[in-house]
Amino acid sequence: MGIYLNPNAEAFKMDKNTDIYVDKSLVLTELNKLLGTRQNFVCMSRARRFGKSMVGNMISAYYSKGCDTKEIFSKMKIGDVPGYEDNLNKFNVIKLDLNGWFANTRKKNEEDKLISYIDKSVTEEFQEQFEDIDFSEMDNSIDKCILKVYKKKGEKFIVIIDEYDVLVREKVSDDLFQKYLDFLNGLFKDATLRPAIALAYITGILPIVRDKVQSKLNEFTEYSMVDAQQFAGLIGFTHEEVEDLCNTHGIDKEECSRWYDGYKLSESVGVFNPLSVVNAARRKEFGSYWSATSTFEVLKDYISMNFDGIREDIISMMSGTPVPVKVKDFRNKLDDITNKDNVFTYLIHLGYLSYDRKTKTCKIPNEEVREEWVSAIDYDDNYVKVIEIVNASRKLLDDTINGNEVAVAKALDAAHTEVTSNLTYNDEHCFQSAICLAYFYANTRYTLVKELPTGKGYADLALIPFLPNIPAMVIELKHNKSPETALQQIKDKQYDEVLKHYRGDMLFVGINYDEKTKKHECKIEKLVL
């Protein structure tokens, strides 16, 4: 047993002994399928706080010869899978936390010695654990030691590298970066070494960088925030897992979903932010736990980039409207971001946006992240007017509830003139997005549903309350007509029928925009159910 070579299961046991733990052991069944195949090199990229390191600890504890974890895994979900013991504690495991190594060397101002420190520490453990093998001075790197053990004993290795991309994301010298590429090349590119590695599992925020690093890691299959494939529900909390947690810990599952859901990693699987769900369950309080674990400066810096169309798309996403994004153009390099698609793709990998593979669009996933976006644009002069509208949205909501039609119309005029002047109201979706942005504060009290199907058409916007003692709303938008026409359509199409289960006051809100006068008109009627 060593620290890096054939480690024990203590890190995994600490994870599992926490008061709130979700069993993700079925990820091992998918990895077992990849052993001994050409797909056994795995790059698992996820945003921070999605449990990558905990899964890495579990993988190490399952495969490592340095521990006996049969009793633990027999009681987990994988224990019900036939043949789960076939690979249990059968492999030599090398486990490296590259972020920890880098932080330690940077603290000592010895970053240039990073790779040599790693090689020295691990090769020393090879000599300790394989006393029957004569390692020479030439066996001074991990790859050479692996090859020698494989040649002498036929034993295979599992290589786990957590935060493999830290040197891609951090500013390091060209010399250190080249040493790192050579290190990766030795481990994963050498054809003679490939049969000795039963599984390589590397994690990071970014997938493989598509130039310098890719040439070293082109054997890897990527499973990312934009293409998670069979691992979609195995890292991150699924809806079923969150529902169980909510029931167990007595928290509202709908509110939990509003705060932390929204990451659609495949067409059929969506996941929640795990750490925030755990914090909410533990504290019995919903709120933003994002800022404690993520880098606010990253979001602020990238949305400030003056790329064509980025401001308009951010305004649309702030209003709840998804925007198109081309994720394939991003080369996963931070010094090669050249357009808004690159920015949005990077923010998808960071978790600030979610991606829908079917529609090829991105959006702000949930309330927790929405708060981070508001904080970020508040520091940017390009978004001063947007923040003014966001700050005014609370009064707009109150004026709507109180039936103050004149105040509502003036607020919408301001939102149109000051924020969405680059958008055209001839486009129905732009009109709708501008109204949603004006009602930004409503997200704290309502679920906003655009184009709600009613059986006799689609209501432009429905506000369904999740707090008591506030009215539901149906908002209909018209262009160059009248607010009375909008109200009549709500009645004729019986848009309120879809909310018939709701018991309380309901508001019908008709809004018209006159293209000639550049003014809005508003009419509000209250229906008591």
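## A tour of the predicted model

Begin by selecting strands S13 and S14, which form a hairpin with six residues between them, and look in the turn for Asn 469, whose phi is positive at about 65°. This is a predicted model, and every stop below should be read in that light. Strand S13 covers residues 458–465 and pairs with S14 in the antiparallel sense over three bridges; to find the register, pick Leu 463, which stands opposite Met 473 in S14.

Stay with S14, residues 472–479, and show its surroundings: the strand is mostly covered, with seven of its eight residues buried. Next select strand S15, residues 505–514, which pairs with S14 in the parallel sense over eight bridges. Here the residue to label is Ile 475, which stands opposite Val 509 in S15.

**Two three-stranded sheets**

Move now to the open sheet whose three strands have the order S9-S11-S10, with antiparallel pairing. Strand S9 (323–324) and strand S10 (354–356) each have a single partner strand and stand at the edges, so one side of each is left without a neighbour in the sheet. Strand S11, residues 361–363, is joined to S10 by three bridges, the two strands running antiparallel, and if you select Ser 354 you will find its bridge partner, Lys 363, in S11.

The next sheet to select is also open and consists of three strands in the order S6-S8-S7, paired in the antiparallel sense. Its edge strands are S6 (237–238) and S7 (263–264), each of which pairs on one side only. Two bridges join S6 to strand S8, residues 270–272, in an antiparallel arrangement, and the bridge partner of Thr 238 in S8 is Val 271.

Before leaving these sheets, display the side chains of Asp 356 and Lys 264, which meet in a salt bridge with an N to O distance of 3.7 Å. This pair links distant parts of the chain, since Asp 356 lies in strand S10 and Lys 264 in strand S7, 92 residues apart. Asp 356 is buried, with a relative accessible area of 18%, whereas Lys 264 counts as partly exposed at 33% relative accessibility.

**A bent helix**

Select helix H18, residues 384–401, which has 18 residues and reaches 27 Å from its first C-alpha to its last, close to the 26 Å expected at 1.5 Å a residue. Looking along the helix, stop at Ser 393, where H18 bends by about 40°. Ser 393 is itself among the buried residues of H18, which also include Val 386, Ile 389, Leu 396 and Asp 399. H18 is followed by Gly 403, which has a positive phi near 75°.

**The nonpolar cores**

For the interior, label Phe 126, Ile 146, Phe 183, Phe 188, Phe 344 and Trp 373, the residues with the most contacts inside the largest nonpolar core, which has 120 residues. Helix H9, residues 174–188, supplies the largest share of this core, eight residues. Centre the view on Trp 373 and, leaving aside its neighbours within four places in sequence, you will find contacts that include Leu 299, Ile 303, Met 318, Tyr 352 and Ile 364. A second, separate core has 33 residues, among them Ile 72, Met 76, Tyr 84 and Phe 91.

**Salt bridges**

The structure holds 30 salt bridges, and a few more of them are worth a stop. In the first of these, the side chains of Lys 33 and Glu 30 meet at 3.3 Å, N to O. Both residues lie in helix H2 (residues 27–34), three residues apart, about one turn of the helix. An α-helix has 3.6 residues a turn, so residues three or four places apart point the same way. Lys 33 is exposed, with a relative accessible area of 56%, while Glu 30 counts as buried at 16% relative accessibility.

Select next Glu 155 and Lys 65, whose side chains meet in a salt bridge of 3.1 Å, N to O. Glu 155 is in the loop between helix H7 (142–153) and strand S3 (157–162), and Lys 65 is in the loop between helix H3 (52–63) and helix H4 (70–74), so that the pair links parts of the chain 90 residues apart. At 37% relative accessibility, Lys 65 counts as partly exposed.

Finish by selecting Glu 255, Arg 258, Glu 367 and Arg 370, which are linked in a network of salt bridges.

Note on methods. Residues are numbered from 1 along each chain as its sequence is written. This is a predicted model: local features need pLDDT of at least 70, side-chain atom pairs count only at pLDDT 80 or more; totals for chains, interfaces and linings use all residues. Side-chain values use heavy atoms; hydrogens and water are left out. Two strands pair if DSSP finds at least two bridges between them. Helices (H or I, at least four residues) and strands (E, at least two) are DSSP runs, numbered from the N terminus. Buried means under 20% relative accessible area, exposed over 50%, partly exposed in between (1.4 Å probe, protein chains only). The expected span of a helix is 1.5 Å times one less than its number of residues. The bend at a residue is the angle between axes fitted to the seven residues ending there and the seven starting there. A nonpolar core is a set of buried Ala, Val, Leu, Ile, Met, Phe, Trp, Tyr and Cys residues joined through side-chain atoms within 4.5 Å. Contact means heavy atoms within 4.5 Å. A salt bridge is a side-chain nitrogen of Lys or Arg within 4 Å of a carboxyl oxygen of Asp or Glu.
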